[in-house]
Structure formats: structure tokens, C-alpha cells
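Thanks for asking me to look this one over. My notes are below, with the structure placed first so that you can follow along.

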Amino acid sequence: MEEFDDGYWSAFREHDRRVREELVDGRRHLFEAEMKEDRRSPGRPAHEARLGRPREVQKARQPPISESESMKVLVAGASGFVGGRLCPALQEAGHEVRAMTRHPETYRGAGEPVRADVLDGKSLAAAAQGCEVAYYLVHSLDDANFVLRDANAARAFGYAAAKAGVERIIYLGGLGEDSDDLSAHLRSRREVEALLGCADVPVTTLRAGIIVGHGGISWEMTRQLVEHLPAMITPRWVRTKTQPIAVSDVIRYLVGVLELAEAVGRAFDIGGPDILEYGEMMRRVAAIEGRKLVVVPVPLLSPSLSARWLSLVTDVDAQTGRSLIDSMSNEVIVCDNSIRALVPFEPMDYNSAVAQALGERAEAGR
Ligand SMILES: NC(=O)c1ccc[n+]([C@@H]2O[C@H](COP(=O)([O-])OP(=O)(O)OC[C@H]3O[C@@H](n4cnc5c(N)ncnc54)[C@H](OP(=O)(O)O)[C@@H]3O)[C@@H](O)[C@H]2O)c1
């Protein structure tokens with residue numbers, strides 16, 4: 001932790017304290033709103049009328065929302081690695097997509113572009129107006145202050161969604177055991193889950209580890225390390241276990257939960273079929289590309305040195321590299337498989353996901 005000085009951690013702790021206070025305030029607000037709602041309609045609160053209650057409080061299995069029903073959906077992070085694939089998939093499933101970005105003038109993807117910044121509540125409320133569901137695919141990992149920025153952004157998004165009448169938020173976050181000593185990055189991703197829901201809009205969270213697909217930050221880091229270095233001196237994290245997932249499977253889950261009343265207000269782990277150490281992942285990529293790779297674990301390589309070295313041999317910026325490397329000491333594997341029963345299909349194995357990502361890259365280079 002040598003690069004995160006006392007100032008960083010005291011700001012983090014102070015922020016954590018404020019978040020807890022605000023969560024209590026948020027719950028109070030939620031409770032008062034629900035009481036009001038209950039008085040108006042003794043049946044169920046408004047957000048449950050359409051999508052049903054979360055599983056924990058359901059007496060019986062709710063039927064899926066009609067697959068032919070078209071919804072108006074906001075996608076925050078539409079221009080990103082995941083969002084760029086989600087928007088066309090939602091359109092294909094018959095939904096109306098509003099693609100949120102800070103740069104609508106350069107947006108070329110699917111859906112109707114709308115300008116909004118997650119740190120600007122007014123722009124968010126306007127973007128979300130009239131949408132039934134909002135996907136949240138935003139992070140600020142390349143910013144040294146990402147913990148505070150991402151917390152403020154999630155809180156602003158949660159409140160704006162409530163104000164605009166959005167019935168549900170779907171968030172793609174990170175895997176990792178709460179009981180583990182999570183990195184600042186993974187802890188922040190977990191904190192975002194709670195903050196998105198602080199104004200009473202139910203949140204469905206999908207927690208993923210490394211997502212394999214052309215342009216994904218963690219995948220690109222793996223690929224470039226393998227391609228740029230025939231021999232690698234790596235710290236202990238090469239032995240950490242992960243459960244990577246193909247980006248196309250992430251999209252199936254993201255679209256799948258949109259239509260399920262049972263997914264409302266719940267968090268799910270998602271992963272592919274293979275549990276692999278980081279070192280093994282790199283060896284497999286090398287084998288698929290027909291390269292030789294020698295991985296030599298060195299226990300004394302510090303995270304800050306690893307991050308600097310990473311920014312020299314890949315195009316991952318030093319700040320993002322540092323956050324990702326810090327997270328590599330945390331195991332990111334699926335602990336709860338309940339999503340498999342709700343959105344049933346066979347996820348792709350790691351080698352096929354790598355082949356698909358390399359194929360997409362070759363296609364993009366043409
Ligand atoms: N990539 C992975 O391997 C991976 C693994 C696990 C989980 N996830 C999660 O998946 C989600 C999406 O990740 P990704 O890899 O697709 O990210 P990405 O490619 O880096 O895209 C990030 C998106 O965030 C938007 N954004 C950033 N700051 C913003 C702001 N202030 N206001 C509005 N939009 C802002 C950007 O849109 P504009 O620049 O157009 O405004 C961009 O579309 C994240 O929650 C991440 O934690 C990713």
C-alpha cells in the first residue's frame with residue numbers, strides 16, 4: 001500500500017462513514033416513500049407492480065416478463081467495451097435503447113445517443129426520463145480518486161433514476177468475497193451496488209471477474225503481456241484463481257435478467273466454466289497464439305513496481321494498471337450459481353473465449 005498514503009485512506013474512511021449515514025437516510029426516505037405508496041395502493045409499491053418482488057420476499061416463482069414486451073432502456077456506458085455490445089443486443093431483443101455518453105456527437109453505436117455525465121445529476125435525470133430500466137456500466141478506474149468519484153456517481157445515478165421514475169437498475173460489477181481483504185477497486189465496485197439503490201430503485205447486480213473480449217481492459221492486459229514478453233517475472237498473483245467469462249456470455253446474462261421478475265433486487269455471480277490461475281491463463285493464450293512463454297514467479301515484486309512495468313509493456317495506463325494489479329491478490333471465482341437456473345445456457349470455455357477475442361481483433365484490424 002506504499003503509494004496510497006495516509007491522506008488517501010483517511011479520505012476513504014471518511015467517505016465510508018458518510019456513505020453509511022446516507023444509506024441510513026436513504027432507507028428512511030425509502031421507508032417513508034413506501035408507507036405513502038402503501039396508503040395510496042394497499043397492494044404493492046409502484047416498482048413492484050410491474051417487475052414483481054425480489055426473490056427473498058416472493059412466496060412463489062413469478063413468471064418471466066413477457067419476452068415480446070418492448071421496454072425503454074437507458075444504457076449508461078453505451079460507448080464502452082460492454083455497453084458497445086449490449087446496445088445492439090437489446091435492440092435485437094426488441095427494446096428501445098437510449099445510449100448515454102458524454103460525447104453523443106462522436107457516438108456511432110446502436111440506440112439513440114443522449115448526453116449525460118454521471119457526476120451531473122441534472123443531465124442524468126433528463127437522460128433517464130421515460131425509461132423503465134437503466135443499465136449502469138460506468139467506472140473511473142483511470143482516476144486516482146476513483147473510490148470517491150465512483151461512489152458520488154453511483155449515488156447521483158440512483159437518485160436521478162428514482163426522480164425519473166425508472167423502475168429498476170441493472171449493474172455489472174465485480175466478483176470477490178466480502179470476507180476477503182478486497183482491493184480498493186473491488187471494494188469500490190461492491191460499494192457502488194449499495195449506492196445505486198440508495199433512493200429506492202431496486203438494483204440487479206451481475207458480478208463478473210475478467211471479461212474476455214476484444215478491447216476489454218483486463219483481457220487486453222493479458223494479451224499484450226503474452227505478446228510483448230516471451231519470459232515474464234511475475235509476483236505472487238500469478239497463483240491467484242480467477243473465473244473468466246466471454247463477453248458474449250456477459251451480454252446474454254445482461255439481456256436475460258432484464259426480462260426476469262425474479263432477478264429484481266438481487267446480486268448474481270457470473271463466470272465461465274474454467275477456474276484458472278492468472279499464470280495458466282497467460283500460458284493458454286500463448287499456446288493458442290503459438291508462442292513460447294516462460295512465467296517465473298518472484299514473491300518480492302511490489303504492486304507499484306508491477307504497475308509501472310505493466311504500463312511500459314502494455315497500453316494500460318499506470319493508474320488503471322495499479323488498480324488491476326492490486327485486485328489480482330483477490331480470488332475472483334463464482335460462489336453462487338443461481339443465475340444458471342434463471343438464465344440457462346452453457347457458457348463458453350476459456351480457450352474458445354480467447355479464440356473469439358483474437359478473431360474479433362483480427363476482424364477489427366482489417
Ligand atoms: N472489462 C472487464 O473486464 C470487466 C470485468 C468485470 C466487471 N466489469 C464492469 O463492467 C462495467 C463496464 O466496464 P467496461 O469494461 O465496459 O468499461 P469501459 O469500456 O471502460 O467503458 C466505461 C464507460 O463509462 C462511461 N463513463 C465514464 N465516466 C463517465 C461519466 N463521468 N459520465 C458518464 N459516462 C461515463 C464511458 O462513456 P463516455 O466516455 O462515452 O462518456 C464508457 O462508455 C463496469 O461497471 C466494470 O466494473 C468490467
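The points below go through the ligand shell, a strand, the nonpolar core, a helix and one alanine.

1. A reminder before we start: this is a predicted model. Please read each point with that in mind.

2. Let's begin at the ligand. There are 27 residues around it, and those that come nearest are Ser 79, Gly 80, Phe 81, Thr 101 and Arg 102. Sorted by class, the shell has 12 nonpolar, 12 polar and three charged residues. Both β5 (168–174) and α7 (217–228) supply at least two residues of this shell. The largest share, three residues, comes from β5.

3. That strand deserves its own look. Seven of the seven residues of β5 are buried, so the rest of the structure largely encloses it. Strand β4 (residues 133–136) pairs with β5 in the parallel sense, over four bridges. On the β4–β5 pairing, you can find Val 133 with its bridge partner Arg 168, which sits in β5.

4. Next, the nonpolar core. The largest one has 96 residues, of which Val 75, Ala 76, Ala 134, Tyr 135 and Phe 157 touch the most other members. Helix α5 (residues 146–164) gives this core its largest share, 11 residues. For a feel of the packing, try Phe 157: setting aside residues up to four places away in sequence, Phe 157 touches Ala 76, Val 118, Leu 124, Tyr 136 and Leu 196.

5. Helix α10 (residues 303–313) has two sides to show you. Its buried residues are Pro 303, Ser 306, Ala 307 and Leu 310. Viewed down the axis of α10, these buried residues fall within an arc of 100°, so they line one face of the helix. As a reminder, an α-helix has 3.6 residues a turn, so residues three or four places apart point the same way. The cover over the buried residues of α10 includes α7 and α11 (318–327). On the face turned away from the buried side, α10 carries two exposed residues, Leu 305 and Leu 312.

6. Finally, is Ala 357 buried or exposed? Ala 357 lies in helix α13 (residues 350–365). It counts as buried because 25 other C-beta atoms lie within 10 Å, where the cut-off for a buried residue is 20 or more. Leaving aside neighbours within four places in sequence, Ala 357 is in contact with Val 212, Gly 213, His 214 and Trp 219. Ala 357 and Val 247 are 110 residues apart in sequence, yet their C-alpha atoms are 8.7 Å apart in space.

Note on methods: Residues numbered from 1 in each chain as written. Predicted model: local features only at pLDDT ≥ 70, side-chain atom pairs only at ≥ 80, totals over all residues. Buried ≥ 20, exposed ≤ 12 C-beta atoms within 10 Å, placed from the backbone. Contact = placed C-beta atoms within 7 Å. Near = placed C-beta within 6 Å. Nonpolar A, V, L, I, M, F, W, Y, C, P; charged D, E, K, R; others polar. Core = buried A, V, L, I, M, F, W, Y, C linked by C-beta atoms within 7 Å. Arc of directions from axis to C-beta. Pairing = 2+ DSSP bridges.
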